[in-house]
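Reader: I am new to this structure and would like to learn how to read it. Could you take me through it one feature at a time?

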Amino acid sequence: MDKVIEKAKELKAALDETPEMKEYLKYKDLYENSEDVIELKHNIANLRAKGKLNEANNLQALYDNHPIVVNYQASKEALMELLKTVQSLIK
């Protein structure tokens, strides 16, 4: 079992060095700490709670097209593809 754990640690270390992981972590940090993105999310939630769906949908469109959100989603998808490839190789 120690060999399996060691190989898993090696795999994690290798994944951490991939461009996909580096990009994902960069954009995840930007996404989670962007005041613009956070404010948009809060405003969308508040508008929906008040039943102002048209305004919420307008802000949702801004949110969906925000460069940080777009880059975060793209990096997340690229990482998921890499992980699916790794998974298929392990099976």
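Author: Gladly. Let us begin with Asp16, which counts as partly exposed at 29% relative accessibility. Here buried means under 20% relative accessible area, exposed over 50% and partly exposed in between (1.4 Å probe, protein chains only). Keep in mind that this is a predicted model, where local features need pLDDT of at least 70, side-chain atom pairs count only at pLDDT 80 or more, and totals for chains, interfaces and linings use all residues. Residues are numbered from 1 along each chain as its sequence is written, and side-chain values use heavy atoms, with hydrogens and water left out.

Reader: With which residue does Asp16 form a salt bridge?

Author: First the general idea: side chains of opposite charge can pair when their charged atoms come close. The term salt bridge is used for a side-chain nitrogen of Lys or Arg within 4 Å of a carboxyl oxygen of Asp or Glu. The partner of Asp16 is Lys12, with 2.6 Å between the closest N and O atoms. Lys12 and Asp16 are separated by about one helical turn, because they are 4 residues apart in helix α1. Helices (H or I, at least four residues) and strands (E, at least two) are DSSP runs, numbered from the N terminus.

Reader: How many salt bridges does the structure hold?

Author: There are 6 salt bridges. One of them joins the side chains of Lys7 and Glu10, at 3.6 Å from N to O. These two are 3 residues apart in helix α1, so about one helical turn separates them. Lys7 is exposed, with a relative accessible area of 54%, while Glu10 is partly exposed at 38%. Helix α2 has a salt bridge too: Lys28 pairs with Glu32, and both lie in α2, 4 residues apart, about one turn of the helix. Their closest N and O atoms are 3.3 Å apart. Lys28 is partly exposed at 25%, and Glu32 is partly exposed at 44%.

Reader: How should I read the length of a helix, and what span should α3 have?

Author: The expected span of a helix is 1.5 Å times one less than its number of residues. For the 15 residues of α3 that gives 21 Å, and the end C-alpha atoms are 21 Å apart, which agrees. Helix α4 (residues 53-64) has 12 residues and reaches 16 Å from its first C-alpha to its last, close to the expected 16 Å.

Reader: Which residues of α3 are buried?

Author: They are Val37, Leu40, Ile44 and Leu47. These residues lie on the same side of α3, because they cover an arc of only 100° around the axis. That arc is taken from the directions from the helix axis to the C-beta atoms. On the other side of α3, Glu35 and Ala49 are exposed. The buried residues of α3 pack against α2, α4 and α5, where contact means heavy atoms within 4.5 Å. Just after α3, Gly51 takes a positive phi of about 80°.

Reader: And which residues are buried in α4?

Author: In α4, the buried residues are Ala56, Leu59, Gln60 and Tyr63. They cover an arc of only 110° around the axis, so they sit on the same side of α4. Their cover includes α2 (19-33), α3 (35-49) and α5 (67-90). The face turned away from this buried side carries the exposed residues Asn54, Asn58 and Leu62. Leu62 has 52% relative accessibility. In sequence Leu62 and Val37 are 25 residues apart, and in space they are 9.6 Å apart, C-alpha to C-alpha.

Reader: What about the loop between α4 and α5: is His66 buried or exposed there?

Author: His66, in the loop between α4 and α5, is buried, with a relative accessible area of 14%. Leaving aside neighbours within four places in sequence, His66 is in contact with Asp36, Val37 and Leu40. Two of these names, Val37 and Leu40, you have met among the buried residues of α3.

Reader: Which residues form a nonpolar patch on the surface?

Author: Met1, Val4 and Ile5 form that patch, with about 340 Å² of accessible area together. Patches are made of residues with over 30% relative accessible area and no salt bridge, joining like charges within 9 Å and nonpolar side chains (Val, Leu, Ile, Met, Phe, Trp, Tyr) within 5 Å. Accessible areas come from the Shrake-Rupley method with a 1.4 Å probe; for residues, only the protein chains shown count as cover. Val4 lies in helix α1 (residues 2-16) and is exposed, with a relative accessible area of 53%.
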